[in-house]
Amino acid sequence: MLRFPLLGITLVCALLPAQDKATAYKNARLLPGGQPPIENGVLVVGGGKVLAIGGADTAIPAGAAVVDCAGKTITPGLVDASFRASNSADMNENGDEVTPHLRVLDTLDPDHRSFARARAAGVTAVHVMPGSRNVIGGLGCVVKTFGTDPRAMVLKEDASLRITMGSEPSQENRPIRGGGVDSIYYRRPTTRMGVVWEVRRAFFDAKAAMEQTAGAPPAAPNPGIEVLTRVLKGQLTAVTTARSEQDLRTALRIAAEFGYRTILEEAQDAHVVIDELVAAKTTVMLGAPSATVVAGSAGGDGADPRSATVRLLADRGIPFVITTGSNLQSLDLVREAMFAVRNGLSATRALDAITIEPARLLGIDQRTGSLAVGKDADFVVWSTDPLDPASVAESVHIDGLSVLALR
Amino acid sequence: MERLLPVRAGRAAPFVSFAACLCLLSPSRAQDIVVTAKKVVLATDAVLADGAFLIRQGKVAFAGTDIPTEARKKATVIDYGDAVIVPGFVLPPTTLGRDRDLAEASLPFTPDLRAIEAFDPWQEELAKLPAFGVTSLLLSPSPRNIAGGIGALVKPGQDNGVVATAEVHLALSLTQVARNPERPPTSLMGAVDMLRSAFTMAKAGTGGGPDVAVLRSALGGSRRIVIHADLHVELAAALDLAREFGFEPVLVGAREAEKVLPRIVAQKAALVLEPLRPEQRQAQLRLPTLLAEAGVPFCFGGRADQLRTSAVLAVRAGLDRKAALQALTRTPAQLFDQHTVVGSLRAGCGADFLVFTGDPLDLTSAHVATFIDGVRVFGEAGNAPKPHNAAAAAGAR
């Protein structure tokens, strides 16, 4: 463990040239993501990219460092499509309920312990969204889990717009801080009805602005309306956090009403509304399938998580990914996939649900999410099969750099 | 040896010392004064042995051999013998404990407010500054507001303080104290957005009210943009804004500056550091040295009574002595474009200087006197070649 961050930075700089030299990992079991496994495979990386991947006969460049990975398994770096990072006080702007244009990237702290924990668990890319205390929280981004400059970690800047259903956005809207009715916290919404009213009003205003600007001189710039307009035009993905049955239905209803597509996040009660999900052809970011209850501020929402939900989604052909989400009971991402396998999901589907599937969903699959020539060298060397409870991530690489020992 | 009352309490005492100074002990402001000492540091790159400089109307008029013989003959000479004279210290943005008057609580975004309106020339804290070597300071709106307002350069005085430059810098803040749970913005996201929106409007054209106009003028180069930011994430956000809107910021606080050092260098940002304390970790004490090596301009801020010890601790941790003295004098003046007014003893600058028995960065050197605009406001009078602490003086040289 390095004591001073500056030394960490220095060490990174010292290690950077090493990336340029090719390194071959041989005799490993390769699970490339979206492709069949390769036994006794060879993975060659250099310059931060995957140079070659294949069977035992894959050519190893002259001068390459060779690492014998006999008995070990190599997977792509894991991708967590809903990851909680940083200080929640700074990820929830309490000044307003609807803040579509606020960017979580502005408050991302690369030194936060959540990133170190994610790296240790083999996660190399995460989708971070603003907190769930606002009805429309703002813009999420996808970043790698190692770096010193948040901007340099970005894989996709405006990756999503977070909308939250349920009780969370209304929880603090009472004069609870010793203030009177003139406190900024005494405001709508204080109910689920109020939450929906805020979403509906926001999209109504955005739609009105779109219609007004068609052929007319542009109105005064409104960054919030501009973001919502991008969602309505299908240029930006909406991610609606909804856990209980009623909130999932509401999320689908509002999306249909205004004609935008939304991903459903958390979705613990997906098993109850499975037919609606099929009909809406929506994608689910399933939060912490191992959890038996929803813990934390959304615990009162009445969601009823079931172990079988993940298999049900697979059986009904609903696109889904597995995430750690915001449930305080969530485990490491790979352990969540392991639980999904225990509940009937195939190992390949489970691994894809934490690698290539979330990468595709987030639009970063050209860079990461699977092991393929030309992609970023984001991979994990596991002591054994990653879905084995005894497996540990022995080394985690981001852009070819081994990051477990750093910071 | 003649003595002045060095400390003034309340409002009656200043009048006593003021009268005493004018009538009995000090030469008239209309009369030229020549100050001499064994070593005179006009600026860190201009040091005179057995040096002298001539003060006219409160400003340095000539130094060293440039002093006209005639003028020298007519001037009153104040000789500090074996002492060392250095420019007075410049204290970077501070509210001098007057947050009540410098943090407009009703609104978070008040860039058009001026600190000068809240300047109390008779403030007790102001009168204490000369004892710590501070001869000028940047009175600044509080970092409790996202955009606090416009700061001023002020000076303590013989009796009451004076304004040297009414409008200097624009003070912004992304620190924790600016994110107030009782009014928006409550989060860093919201704080950054508030500034981004305002800068966007400022850059877009001529719209907006007087508040946006202040930002527009600052972006146009009229004044330095100062951003209070302590943590990595706050500093990164401040640097993002600077990059997006094309300015070179002065970052105040900057506790985690080493984490964004490459960006600070690349974006030509400058830093106002928190005071150093002996119990801090070596990494923190070494930060000034790292900044100097990287070519980042920096100065020491925070409390006046910790300015000198901060510089001493930085020297102990490896900082070059010249760079340390510069961080107390010339650099803060330069960062706020006040270097033609304060921060050195070059011709044209105010005659703000400190007299020490030896190197001011040696803690065995005693602080003998402080002059502001050519008037002694603290310590012992000149014409007393015997230093305050003869043994220390001998040791220092």
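Begin by selecting Asp359(B) and Arg321(B) in this predicted model, where the two side chains meet in a salt bridge with an N to O distance of 2.7 Å. To place this pair in its setting, colour chain B by its domain assignment, which gives domain 1 (12–88 + 344–396) and domain 2 (89–335). Three salt bridges are counted between domain 1 of chain B and domain 2 of chain B, together with nine residue pairs in polar contact, both residues being at pLDDT 80 or more.

Next, select the side of domain 1 of chain B that touches domain 2 of chain B, to which α1 (12–25), β5 (84–87), β16 (353–356), β17 (367–372) and β18 (375–379) of chain B each supply at least two residues. The largest share of that side, five residues, comes from α1(B).

Now show both domains as surfaces. Between domain 1 of chain B and domain 2 of chain B an area of about 2,300 Å² is buried, with carbon and sulfur atoms giving 63% of it. Picking out Thr44(B), Leu361(B) and Ile372(B) shows the three residues that supply 30% of the area domain 1 of chain B buries against domain 2 of chain B, more than any other three residues. In terms of contacts, 31 residues of domain 1 of chain B meet 27 residues of domain 2 of chain B, while the centres of these two domains, taken over C-alpha atoms, are separated by 30 Å.

From here, move to the nonpolar interior. The largest nonpolar core has 82 residues, and Leu174(B), Leu251(B), Ile264(B), Leu271(B) and Phe300(B) are those with the most contacts inside it. Helix α7 (residues 232–245) of chain B gives this core its largest share, eight residues, and at least three residues are drawn from each of domain 1 and domain 2 of chain B. Centre the view on Leu174(B), whose contacts, leaving aside neighbours within four places in sequence, include Leu188(B), Val192(B), Ile227(B) and Leu241(B), but also Arg179(B), His228(B) and Glu234(B). A second, separate core of 80 residues can be found by selecting Phe146(A), Ile163(A), Val310(A) and Leu387(A), which are among its members.

Finally, turn to where the two chains meet, a contact that takes 30 residues from chain A and 27 residues from chain B. Chain A and chain B bury about 2,400 Å² between them, 54% of it on carbon and sulfur atoms. Six salt bridges are counted between the chains, and one place to look is the pair Glu244(B) and Arg103(A), whose side chains meet in a salt bridge at 3.9 Å, N to O. On the side of chain A that touches chain B, the elements giving two or more residues are α1 (5–20), α2 (88–91) and α4 (150–153) of chain A.

Technical notes:
Residues numbered from 1 in each chain as written. Chains lettered and ligands numbered in written order. Predicted model: local features only at pLDDT ≥ 70, side-chain atom pairs only at ≥ 80, totals over all residues. Heavy atoms only, no water. Core = buried A, V, L, I, M, F, W, Y, C linked by side-chain atoms within 4.5 Å. Buried < 20%, exposed > 50% of the residue type's maximum accessible area, 1.4 Å probe, protein only. Helix = DSSP H or I, 4+ residues; strand = E, 2+ residues; numbered from the N terminus. Domains from an automatic or database assignment. Contact = heavy atoms within 4.5 Å. Buried area = accessible area lost by both parts, 1.4 Å probe. Salt bridge = Lys/Arg side-chain N within 4 Å of Asp/Glu carboxyl O. Polar contact = N/O pair within 3.5 Å; in protein donor to acceptor, adjacent residues only side chain to side chain.
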